[in-house]
Structure formats: structure tokens, C-alpha cells
Amino acid sequence: MRQPYNTDLSNEEWEIIAPMMPKPSKLGRPPKTNFREVLNEIFYIAKNGCTWENLPHDLPTYSTIYFYFQRWTKTGVIAEINYQISTQVRLADGREATPSLASLDSQSIKTMDSAGSRGIDGGKKVKGRKRFIMVDTLGLVFGALVCPANVGERAGAMRLLANLKYPLRRLQKILVDKGFSGEDITQWVKDNFSCTWEVSKRSESQKGFVVESKRWVVERTFAWIDKYRRLSKDYEFYENISESFIYIALIRKMLKNLTAVNS
């Protein structure tokens with residue numbers, strides 16, 4: 001027994017996510033690791049931003065946690081959990097399981113010296129990496145990509161869409177800003193996904209900052225992500241680990257929302 005942390009899963013949240021955890025192999029000895037505690041420690045590091053070595057001593061050893069975090073990243077478990085919980089949130093909100101309208105945008109962030117890849121975003125003067133996310137109208141992430149910051153907007157968007165792990169058959173339109181404009185990507189999206197690539201354009205009469213209709217949700221999702229200290233910069237050597245932390249932040253938020261609705 002230990003004192004709980006405010007990032008720990010409640011019993012109701014664990015009941016939602018437990019069926020999504022990997023089943024033990026029928027070969028060999030069953031694992032002794034408590035997956036609920038593994039998730040608790042991953043949520044702890046995402047929220048508080050400490051290093052793996054400085055995780056609390058009353059939780060499983062950091063080497064065990066990182067082993068499972070890497071395995072679940074490589075095997076797609078974390079992305080799968082994010083997808084399943086996203087569909088539950090949408091259904092609870094009275095919507096279809098997958099979206100028909102999505103917004104896509106990028107965010108350039110600095111990296112630590114430990115990062116395995118990085119680049120320079122000349123427009124934003126940031127040396128580091130670039131996060132691309134695609135969200136639905138609730139701000140739920142249905143696709144994430146982390147790459148060097150020198151990757152262009154259209155190239156990054158195409159990589160994200162090409163690597164989508166789950167088909168979004170209802171998708172009809174993707175909203176983007178002018179940095180993603182171009183006939184090449186517009187036609188590519190139409191040919192490969194049978195949906196519209198729509199660039200939001202400001203009226204010439206508008207001055208200063210103006211919230212763009214429907215596209216503000218993707219900016220709000222970036223704001224949600226930024227509340228997790230592990231995501232304030234990119235601390236990870238591997239890009240796919242960075243992508244998993246994006247999903248982890250959304251999984252934690254969605255679990256809280258689902259249990260609040262059901263309570």
C-alpha cells in the first residue's frame with residue numbers, strides 16, 4: 001500500500017482501460033507486473049516531467065516502466081488505447097465513433113541535447129522538433145507525428161495521414177491553415193482519402209489575432225498537451241516515444257472526462 005498521487009487511475013478509470021491492456025501470453029510464466037501501476041507511473045512522469053531515474057521509489061522500478069512503455073509504443077498498444085477511448089468519448093457525446101470533420105496543425109518545440117533528431121524551423125526560429133496532430137471537433141487526437149522541425153507543413157501532414165493506424169472512413173473534410181496550402185497536397189488527399197483539404201483563409205478586413213471558426217479546437221488540444229510538463233519540450237531520443245506521450249496526455253484527460261460523465 002502507498003499514498004496515492006493525483007495522477008493515479010481511479011477504480012472507475014481503471015475499469016475503462018483495463019480491458020484494453022495486452023493479454024498475457026499463454027507460453028511461459030505469467031507476468032508479475034501490475035499494469036495499473038505501470039500506467040500510474042507513466043501518467044506521473046507525463047504530468048510532472050521528471051526523469052525516468054527520478055520517479056518515486058514507492059512505484060515499480062523505472063527500468064520496468066520504461067521497458068513496458070517502449071514495448072507498448074512499438075506494438076501500437078498506446079495508440080490503440082487512445083483510439084478506443086476516443087471512440088468511447090465520441091459515443092458518450094452522442095456522436096458517431098469516428099469523425100467526418102477534422103483539423104490538422106503543427107507545433108514547433110525545442111528539444112533537449114538528448115534528442116536523436118532535430119532541425120530548425122526557419123519561420124518560427126525554433127531548433128528542435130515539430131508536432132503534427134489531427135483532431136476531431138472535440139479536440140480528440142486521431143493522428144500524431146513527431147519529426148525534425150525543418151520538415152515542411154505539407155510534407156509532415158502527408159506523413160501523418162499516410163501513417164494513420166486506423167481508417168477514418170467517415171472523414172469528409174480536413175481543415176488546415178494557409179501554411180498547408182498547395183494543389184499537390186489537395187489532390188493527394190482527394191486521391192488517397194476521398195475527402196476535401198480545406199485551407200482556412202482570413203478576411204482581408206480582419207486585423208490582429210482572430211480565432212478561426214472550427215479550427216480553434218486544434219489549438220486548444222495543443223494547450224491541453226502543454227499542461228503536461230514532459231511535453232513542455234521534447235525530452236525523448238526517439239520520435240515515436242514523443243508521439244506516445246502525446247497520446248498519454250489525451251488518454252489521461254479522456255478518462256477523467258468519461259468518469260465525470262458517468263458519475
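So, to kick off: is Arg 230 buried or exposed? Arg 230 is buried, at 6% relative accessibility, where buried means under 20% relative accessible area, exposed means over 50%, and partly exposed is in between, with a 1.4 Å probe and protein chains only. I'll come back to that arginine in a minute.

First, the small print. This is a predicted model, where local features need pLDDT of at least 70 and side-chain atom pairs count only at pLDDT 80 or more, while totals for chains, interfaces and linings use all residues. Residues are numbered from 1 along each chain as its sequence is written, and side-chain values use heavy atoms, with hydrogens and water left out.

Okay, the overall picture. We've got eight helices and six strands, taken as DSSP runs (H or I of at least four residues for helices, E of at least two for strands) and numbered from the N terminus. Reading from the N terminus, the order goes α-α-α-α-β-β-β-β-α-β-α-β-α-α. The radius of gyration is 19 Å, close to the 18 Å from the globule rule for 263 residues, so the protein is as compact as a globular protein of that length. That radius is taken over C-alpha atoms, and the rule is 2.2 Å times the number of residues to the power 0.38. Along the principal axes, the C-alpha trace spans about 60 × 45 × 40 Å.

Inside, 48% of the 263 residues are buried. As for contacts (heavy atoms within 4.5 Å), take those with a separation of 6 or more: 68% of them are between residues 24 or more positions apart. On the outside, about 14100 Å² is exposed, and carbon and sulfur atoms supply 50% of that; the areas come from the Shrake-Rupley method with a 1.4 Å probe.

Now let's zoom in on one helix, α2, residues 35–48. Its 14 residues reach 20 Å from first C-alpha to last, close to the 20 Å expected at 1.5 Å a residue, counting one less than the number of residues. How many of the 14 residues in α2 are buried? It's 11, so to speak of α2 as mostly covered is fair. Among them are Phe 35, Leu 39, Phe 43 and Tyr 44, along with the charged pair Glu 37 and Glu 41. At the start of α2, a side-chain oxygen of Asn 34 comes to within 2.9 Å of the backbone nitrogen of Arg 36. Just after the helix, Gly 49 takes a positive phi of about 75 degrees.

Last topic, salt bridges. Side chains of opposite charge can pair when their charged atoms come close. Here the cut-off is a side-chain nitrogen of Lys or Arg within 4 Å of a carboxyl oxygen of Asp or Glu, and the whole structure has 11 of them.

Back to Arg 230: its salt-bridge partner is Glu 236, with the closest N and O atoms 2.8 Å apart. Glu 236 is buried too, at 6% relative accessibility.

Then there's Asp 8 with Arg 2, at 2.9 Å from N to O. Asp 8 is buried at 13%, whereas Arg 2 is partly exposed at 21%.

And finally Glu 198 with Lys 173, at 3.0 Å, N to O. Glu 198 sits in strand β6 (residues 196–199) and Lys 173 in strand β5 (residues 173–176), so this pair ties together parts that are 25 residues apart in sequence. Both partners are partly exposed: Glu 198 at 31%, Lys 173 at 29%.

Terms used. A polar contact is a pair of N or O atoms within 3.5 Å; within protein, one must be able to donate a hydrogen and the other to accept it, and residues adjacent in sequence count only if both atoms are side-chain atoms.
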